[in-house]
Amino acid sequence: KYGSWTCFRMPGWSVTNVFRVLTRKKPLEDSNESKLAKVLSAFDLTALGIGSTLGVGVYVLAGEVSKQYAGPAVVISFLIAAIASIFAGLCYAEFGARVPKAGSAYIYSYVTIGEFIAFLIGWNLILEYAIGSASVVKGLSTYLDQLCGNPMSSFLGTHLPINIHGLGAYPDLFAFVVTILFSLAIAVGAKESTRVNNVFTMLNLGVVLFVIIAGLFKISSSNWTIPKSDVPEGYGNGGFMPYGVSGIIKGAAVCFYGFIGFDCIATAGEEAKNPKKSIPFAVIVSLAMIFLAYFGVSTVLTMMLPYFEQDEKAPLPHVFRINGWYVAEYVVSIGAMFGLCSSMMGAMFPLPRIVFAMSNDGLLFRFLGEISEKYKTPFKGTMLTGLLTGILAAIFNLSQLVNMMSIGTLLAYSMVASCVLLLRYESDDRRESRIVGNGRTIDEDRPCALWRRVFNLNGQTVPTKQTSRIVTLSVALFSAWCMVFSQILTKFEEDVASVTSFDCLQLVLGTLPLILFLLIISRQPTSGVKLSFKVPLVPWLPGISILINIYLMIKLDILTWVRFSIWIAIGLSIFLTYGIRHSRLRQREQRNNSMAIMRDCSNSALLGGQESSKYGNEVPLILMHSSS
């Protein structure tokens, strides 16, 4: 009774405790009014989205995807990627609206979902920004090399070849050095200038318009209808879709990379004048303008020159050189290099910020977030992430980098869309009375058939923990079935002519569970939280976004999955061996538990002292023990 050992009992690692640890949420410590000036208009946000997104995609991907994957149908690949990006952008906008702070999907998920999901999203964002930077500097290197007559690739390919399957042909030392220099510039406190970025954005759009207008004088529709007899071996069957529907889908998975960067619009929502209207407007308009740029460039490119004659590394200068327009070739090349420099700076800036935020929360090594007294920046973290980016740029070729970035970003967007569903239907603990619209009080424990609960046939309008669990399970099953459904669709892509009635029956039966899971989710009561922006048509639109993202992930090659699995395995090992133990939330819980134990034991001592007065001056021994 006295000095009870219940004061310091060790918690057991039960399933409940593990789940609680993985889902512990970061408190929003400063919920006061934003100190940032709300000065950004819809036009500013749109320009920000275009400037951050329009990069390697417009200068490199159109030629590569048309030659290797889709042929002239690359325009359809860009359209599919644009639709998937708009769906993901709307989900991202609502995700950001839930947390009234500027930040990334990592911060949003940490505050609203939990620590484990936040770590996975943050770890994927590191991959996204690192490979994004590496791919931009790789595009810069290949453009400069092409402009000078390929001296770097010839010399390095001859003297320093990399004879390892899955890596590039040679170490790109130029890309490595440029990456380190950019990292150093960021680490010592160099800041982006809005005016310079706007100039680079206008320069990018100017080059795109120049390519489209100049190319119109040299286009020929015959390049979209080349007969199979005129197509070299290994380049498909000719025509508009030489690689079939499967090639278009594979091309869309790669083209998706060209739309990455619009998430900066949502992160700037705290500074928007009217985020409820300007954020969705800027997301849709910027993605639409970028799609038109890609559509125009790829149309002109494939009409000026047959798809199998495209240059994968620098298609725009190549097509003008073939047509004898040497001035246009150099104008496009120089403009592209300036545009790529701007895109690289924009891609590298968020990377150390994500690493700093994660290390500051204790999920990554603390030294990565140490602020330099001299430069007032996370110098070590910036240089180490720059080193990682430089190594990626040096040893992988552009297509490998793009595939790796696509899979990481598609997974991150799928998780964001899933989180939107979970949060829209989360239980509302603040409404303790649980009043339905007609005034009845909900009794969650009353007997009710399972199917009535699943389809909410009782007309419940206030979300509870039970309805929230139904939504969570439905989202998990929906995501898992999307992978199965993607495999069924593969048959229809690869050989439509040989599709049988059994295949069609499989497609119909495979579609039914997807509709069923979304129908179950739609029947559940929604949260009453007021947001500045909400995704329309929930759960259908986020569900379609998840399906498209998973479908595009399935289409990526096996080596990309292997590299990505290695990256995730490294991240999980860091989280399980370091992050979960050094998390600031865990340390805060330890302090709170210790204080609670001391308080309980003090109360026990007080009660024990009162009782001891009846029986003598016996003093109980109070053992203090902090939970570990």
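# A walk through an all-helix model

Start by selecting Arg452 and Trp451: the charged end of Arg452 sits over the ring of Trp451, 5.8 Å from its centre. Bear in mind as you look around that this is a predicted model.

**A second charge over a ring**

Next, pick Lys138 and Tyr170. Here the charged end of Lys138 sits over the Tyr170 ring, at 5.9 Å from the ring centre.

**The whole protein**

Now zoom out and switch to a cartoon view. You will find 23 helices and 0 strands in the protein. Of its 628 residues, 52% count as buried. If you turn on a surface, the accessible area comes to about 28,900 Å², and 65% of that belongs to carbon and sulfur atoms. A contact map is worth a look too: among contacts with a separation of 6 or more, 81% are between residues 24 or more positions apart.

**Aromatic pairs**

Let's move on to the rings. A pair of aromatic rings is described by the distance of the centres and the angle of the planes. The protein has 17 aromatic pairs. One of them to select is Phe119 with Trp123, a stacked pair with 5.9 Å centre to centre and 10 degrees between the planes. That angle falls under 30 degrees, so the pair counts as stacked. Both residues lie in helix α6 (residues 115-147), 4 residues apart, about one turn of the helix. Are these two rings buried or exposed? Phe119 is buried, with a relative accessible area of 0%, and Trp123 is buried as well, at 7%.

For another pair, go to Phe291 and Phe295, which are tilted: their centres are 5.7 Å apart and the planes make an angle of 50 degrees. These two residues are also separated by about one helical turn, because they are 4 residues apart in helix α12 (residues 275-304). Colour them by accessibility: Phe291 is buried, with a relative accessible area of 15%, whereas Phe295 counts as partly exposed at 36%.

Before leaving the rings, return to Phe119 and Trp123 and add Phe116, Trp567 and Phe575 to the selection. These five residues form one aromatic cluster.

**Along helix α12**

Stay with helix α12 and select Lys277, which is found there. At 62% relative accessibility, Lys277 counts as exposed. Then add Phe533 and draw a distance between the C-alpha atoms. Lys277 and Phe533 are 256 residues apart in sequence, and their C-alpha atoms are 7.7 Å apart in space.

**Two more helices**

Select residues 244-255 to bring up helix α10. Its 12 residues reach 16 Å from the first C-alpha to the last, close to the 16 Å expected at 1.5 Å a residue. Hide the rest, then show it again: 9 of the 12 residues of α10 are buried, so the helix is largely enclosed by the rest of the structure. The buried ones are Ser246, Gly247, Ile248, Ile249, Gly251, Ala252, Ala253, Val254 and Cys255.

Helix α8 (residues 173-187) makes a good next selection. It has 15 residues and reaches 21 Å from its first C-alpha to its last, close to the 21 Å expected at 1.5 Å a residue. Which of its residues are buried? They are Ala175, Val178, Thr179, Phe182, Ser183, Ile186 and Ala187.

**Cysteines**

Go back to Cys255 in α10, which counts as buried with 0% relative accessibility. Cys419 is buried too, with a relative accessible area of 4%. How many disulfides does the structure hold? The number is 0.

**Two loop residues**

Select Ser583, in the loop between α22 (558-582) and α23 (584-615). It is buried, with a relative accessible area of 0%. Show what lies around Ser583: leaving aside its neighbours within four places in sequence, it is in contact with Arg24, Tyr110, Glu115, Asp361, Gly362 and Leu363.

The last stop is Asn323, in the loop between α13 (315-322) and α14 (326-348). Asn323 is partly exposed, with a relative accessible area of 22%. Beyond its neighbours within four places in sequence, Asn323 is in contact with Lys218 and Met304. To finish, draw a line from the C-alpha of Asn323 to that of Leu305: the two residues are 18 apart along the chain, and these atoms are separated by 9.0 Å.

Conventions: Residues numbered from 1 in each chain as written. Predicted model: local features only at pLDDT ≥ 70, side-chain atom pairs only at ≥ 80, totals over all residues. Heavy atoms only, no water. Expected span 1.5 Å × (residues − 1). Buried < 20%, exposed > 50% of the residue type's maximum accessible area, 1.4 Å probe, protein only. Disulfide = S-S within 2.5 Å. Phe/Tyr/Trp six-rings, centres within 6.5 Å; stacked < 30°, edge-to-face > 60°. Lys NZ or Arg CZ within 6 Å of the ring centre and 35° of its normal. Contact = heavy atoms within 4.5 Å. Areas by Shrake-Rupley, 256 points an atom, 1.4 Å probe, with all protein chains shown as cover.
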